[in-house]
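Let's go through this model together, asking at each step what a label rests on. Have the sequence and the 3D view open.

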Amino acid sequence: MDVYHRRQQEFLHRLLLLNTHPESHRLAYFLMCSHLLFHQLLILNYQYRCYLQTLHSHWFLQKEIPTQEYWQNLRQTIFSCKMPPWLFVSPHILMWMWFDWCYGKRWDVFYGSPMISHASCIISLRGEKVKISKTRFINYIRCNRYPSLDEIYRDKDKAVVAFTEDPELDELISEENRDKVHTLIQQMYETPEGEDAEEDEEIDLLKKDDPQMETMMSYYRKIEMLSGDIIKKRFHGNVIYSLNTYEQKRFEYENDGFHFYCFLDGYQEDEDTIRIFEVKATTSKKFTALEYKNDEKEKVSVFVPSPDGILMLQEDVFGSINDQYQKKIDKLKQRLSKEGRYVYDISYQRYVLEHALKTKKDIKYYLVVLNADYIHDGQTDNEGEPIYQDDIVTFIDVTSLSEKMMPILDMDIATVNRRLNEMNANPVPLGPHCQRKDTRQCLFYPICYKHIPEYNSIFTYMGSHNGFKDELDNKHDRFDLINEGMVAALDIPRSWIKRENNVIQRDVMETDVPYYHHEKIRAGIKALAYPIYHLDFETFPCPLPRFKGEKPYSQSLFQYSIHIETRPGLCDKDIDHASYIATEHKDLREDLIKNMLEIIKNDGGSILVYNQSFEQTRLKEMAEVFPKYRERLLDMVDRMFDLMYLLRGNQKLFKRLGFEEDEAKKINYYHNKLNGSFSIKKVLPIFSDLTYKGLPIGNGTDALITYARFPKMDEVTFKKNYQDLLEYCKQDTWAMVKILDELRKI
Ligand code: SF4
């Protein structure tokens, strides 16, 4: 029985008491009904609904005599309802007088009546209170706990949540329950102390700023509008799209008292068809790269372009396909997979729409994504803004795919309804639904994962996502182990650590003595040719291509830093440093390349980078866009050497240097402070006293945000930020000089 039903039962019980009371009076019922009607009318007022919620927590659940704070709230509510206070107060006084006349001072009867009226209002508000958007639904379906944490996050101590499966009313209102809610609130909000702290000020501990998202927001908006324009040109008819949610086409339907609704990015209707569009700022690559093996054992894409360029499922064009194909379809149906999440989003829209709209027209559903193969031709308008052709976006017809999702949505809607009725805030098993380290990571991650150690947890093992095998060769998923209580790396039985690199990590964790594979590190250093050019690029991953030759999400080069080490250990931080920063948002890539090629001579010296695939890909892209530098740029690619390989190892490199395969694929170095990561930010403090902490620009995200803001900065701010950016990138290459120098000493 859910909490609302339990409350309802109690109120009915009171009603029964009133009815069987020997002094019951027909007029009292009439009055009570009028009072009820009065409240029902007031429900239309939002502020009044808030008042009811306050009342609800004080009178109906906690059975407390209203506190002073309650009366203050009530007074404020009455005033903010923008209705004359007499209208609010007089029916209550009238009723009080009537009851007084009928029953003398029978307070139990007096309170009983208005309570029933108020209660009925609250019950009728039950569905109205919970409106569920697509985003909220996708969060509610994560796990049993999310809805109740969400209620606490929003309503704080007014939240009504349970901590047992089938709680009695007494439990819900118990001191223990309130303490538990309070503990969770403390994990969500902090009250600042000190003289400067303002009254009622609270710091939200969960909400993290996402400056990169803010920076990219204008591009995301542009993608939505571009898509809308292209839909209009392509499909004609009546097309509705807008950046303003409330101007978008909206559908809503009610299920079990809850209201599910959706806003559509694009809605098109003509005489016989309705088309629904969900615009996503991702690229078509996720979908075109999805391949299966056909009966001839050839790899074939799951999606094929129709004659008019729309991506369709193979089965929609050629009929039923083999088991391998079905496996990929199953992947698309998984709401947590990187492709499936988009299919799930539009399937939710479809579910709501088809329960809300009765029509005889055909309804078709499309994902609209950026075309990964689109190459910008460099055309701009009078204001210098890029002009895009219509094939900048790709339409993916997911009508049949989303239809397959409907039974899943049926079950998920029922699950969400149950969760909202139970509102159970107890911890639940952790798992992929938390989307750890994903852009969609759960908001409540810090609460549910607070018992996982920050250092040397089970996640620290490299390749931990592959699980661990016990003595009997049974595989254990890492989340299963966490849910069984094995949260620290050392909780895993030593005999279950089978991967070579994990054994090295385990030894270091147990002994706290760093691991070095001296021979491999020395062999790697010996392979370097001087002068060494320590190189680092900074880029802007723009969703929409800005310059000629770029594709959606091209990593657009805007900065390099180089430190030149002429002989082992001979490099001055300032004298041997060169750099370039594009100070404007116009195409300065050629300038950057020319400048770089003047510094990096054609002398065969190694180009040392950290994580080479990034720099290599940028050089190859530039070689395509600027063919006259092709030879020099590709020569740089050939001379590239990855400093990370000296630490993390690389099978191909070390086999080439003469090591056996088993030896070649092992890591060369491990330190307890690495915590499973070989990022330069983790490595540098181990090898030097340098750190990125405290730098105004301390990571790649800060760097790209600074670059993005250049055009909006005044001169003073620009100069300061330019200098900070210079220092950050310089630190990256200087860090490589220092790390290499330390490795020479081992
Ligand atoms: S972090 Fe995981 S377990 Fe916790 S509420 Fe979110 S999805 Fe549920």
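Q: Why does Tyr 728 count as buried?
A: In this predicted model, Tyr 728 has a relative accessibility of 2%. Buried means under 20%, so Tyr 728 earns the label.

Q: Is Tyr 692 buried or exposed, and how do you know?
A: The relative accessible area of Tyr 692 is 7%. Because the cut-off for buried is under 20%, Tyr 692 is buried.

Q: What makes Tyr 692 and Tyr 728 an aromatic pair, and of which kind?
A: There are 36 aromatic pairs by the ring rule. In the one formed by Tyr 692 and Tyr 728, the centres are 6.0 Å apart and the planes make an angle of 65 degrees. Centres within 6.5 Å make a pair and planes over 60 degrees apart count as edge-to-face, so both conditions are met here. The pair links distant parts of the chain, 36 residues apart: Tyr 692 is in the loop between α27 and α28, Tyr 728 in helix α29.

Q: What makes the space taken by the ligand a cavity?
A: The ligand takes up the largest cavity, with a volume of about 110 Å³. A cavity is where a 1.4 Å probe fits but cannot get out, with protein atoms alone considered, so the ligand itself does not fill the space in this test.

Q: Which residues lie nearest the centre of the largest cavity?
A: Among its 14 lining residues, these are Cys 143, Cys 434, Cys 442, Phe 444 and Cys 448. By class, the lining has eleven nonpolar, one polar and two charged residues; Cys counts as nonpolar in this scheme.

How values were computed: Residues are numbered from 1 along each chain as its sequence is written. This is a predicted model: local features need pLDDT of at least 70, side-chain atom pairs count only at pLDDT 80 or more; totals for chains, interfaces and linings use all residues. Side-chain values use heavy atoms; hydrogens and water are left out. On a 1 Å grid over the protein atoms alone, a cavity is a set of points where a 1.4 Å probe fits but cannot get out, and a pocket is an open set with protein on both sides within 12 Å along at least five of seven lines; lining residues have an atom within 4 Å of a point. Grid points are joined across faces, edges and corners, and a volume is the space filled by probe spheres set on the points. A molecule sits in a cavity or pocket if more than half of its atoms lie within 2 Å of its grid points. Rings of Phe, Tyr and Trp (its six-membered ring) pair if their centres lie within 6.5 Å; planes under 30 degrees apart count as stacked, over 60 as edge-to-face and the rest as tilted. Helices (H or I, at least four residues) and strands (E, at least two) are DSSP runs, numbered from the N terminus. Buried means under 20% relative accessible area, exposed over 50%, partly exposed in between (1.4 Å probe, protein chains only).
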